[in-house]
Amino acid sequence: MSIQQYTRWDFIGLSTDTKPTADDSAKVVDGSTYYEADTSKLYIWTRGQWYEKTTAVQTPFERRLRW
C-alpha cells in the first residue's frame, strides 16, 4: 500500500485579484478555497475551476471536507 498525502490550500485576496489556478500553482487542488476579503464571497476549486459557494446547504464534497 502506498501512502498519499493530500493537502488543500486556502487563499485570501480581493475581488479584483486574479484567482490562482492549477496551471499557476500546484497548491490549487480540488477542495481549495478562495475568500474575497472585500466582498466576503467564498469560492471552492473543483474540477478545474472556481465555483462560488452561494448557499448554506453543503454538497457531498463539502461534507467530506468537514466545513
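## The hairpin of strands 2 and 3

Let's start at a turn: strand 2 and strand 3 make a hairpin with four residues between them, and Ser40 in that turn has a positive phi of about 60°. Strands here, like helices, are DSSP runs numbered from the N terminus (helices are H or I with at least four residues, strands are E with at least two). Strand 2 covers residues 33-36, while strand 3 covers residues 41-46 and pairs with strand 2 in the antiparallel sense over four bridges. Two strands count as paired if DSSP finds at least two bridges between them. Within this pairing, Thr33 has Ile44 of strand 3 as its bridge partner, and Glu36 has Lys41.

A word on the ground rules: this is a predicted model, where local features need pLDDT of at least 70 and side-chain atom pairs count only at pLDDT 80 or more, whereas totals for chains, interfaces and linings use all residues. Residues are numbered from 1 along each chain as its sequence is written, and side-chain values use heavy atoms, with hydrogens and water left out.

## The whole protein

The protein contains one helix and four strands, and along the sequence they follow the pattern β-β-β-β-α. Of its 67 residues, 25% count as buried, where buried means under 20% relative accessible area, exposed means over 50%, and partly exposed is in between (1.4 Å probe, protein chains only).

About 5,200 Å² of the protein is exposed, and carbon and sulfur atoms supply 52% of that area. These accessible areas come from the Shrake-Rupley method with a 1.4 Å probe, and for residues only the protein chains shown count as cover. Among contacts between residues at least 6 apart in sequence, 23% join residues at least 24 apart; a contact means heavy atoms within 4.5 Å.

## The four-stranded sheet

The four strands form an open sheet in the order 1-2-3-4, with mixed pairing. Strand 1 and strand 4 (49-52) are the edges, each with a single partner strand, so one side of each has no neighbour in the sheet. On average, neighbouring strands of this sheet are turned by 25° against each other, direction ignored. The axes are lines fitted to C-alpha atoms (for helices over the stretch in contact), with angles running from 0 to 180 degrees between N-to-C directions.

At one edge, strand 1 (residues 10-13) pairs with strand 2 in the parallel sense over four bridges, and Gly13 stands opposite Glu36 in strand 2. At the other edge, strand 3 and strand 4 run antiparallel and are joined by four bridges. Ile44 faces Tyr51 of strand 4 as its opposite residue, and Trp45 stands opposite Trp50 in strand 4. Strand 3 and strand 4 also form a hairpin, this time with two residues between them, and Arg47 in the turn has a positive phi of about 50°.

## Glu36 and its surroundings

Glu36 lies in strand 2 and is buried, with a relative accessible area of 4%. Leaving out residues up to four places away in sequence, Glu36 touches Gly13, Leu14, Ser15, Lys19, Lys41 and Tyr43. Two of these have already appeared: Gly13 as its opposite residue and Lys41 as its bridge partner in strand 3.

The side chain of Glu36 also makes a polar contact with the side chain of Thr39 at 2.6 Å. A polar contact is a pair of N or O atoms within 3.5 Å; within protein, one must be able to donate a hydrogen and the other to accept it, and residues adjacent in sequence count only if both atoms are side-chain atoms.

## Salt bridges

How many salt bridges does a search of the whole structure find? There are two, a salt bridge being a side-chain nitrogen of Lys or Arg within 4 Å of a carboxyl oxygen of Asp or Glu. One joins Lys19 and Glu36, whose closest N and O atoms are 3.1 Å apart. Lys19 lies in the loop between strand 1 and strand 2, and Glu36 in strand 2, so this pair ties together parts that are 17 residues apart in sequence.

Another joins the side chains of Arg8 and Asp10 (2.5 Å, N to O). Arg8 is partly exposed at 28% relative accessibility, and Asp10 is partly exposed with a relative accessible area of 48%.

## Thr21 in the loop

Thr21 is found in the loop between strand 1 and strand 2 and is partly exposed, with a relative accessible area of 25%. Setting aside neighbours within four places in sequence, Thr21 is in contact with Val28 and Trp45. The C-alpha atoms of Thr21 and Trp45 are separated by 8.5 Å, although these residues are 24 residues apart along the chain.
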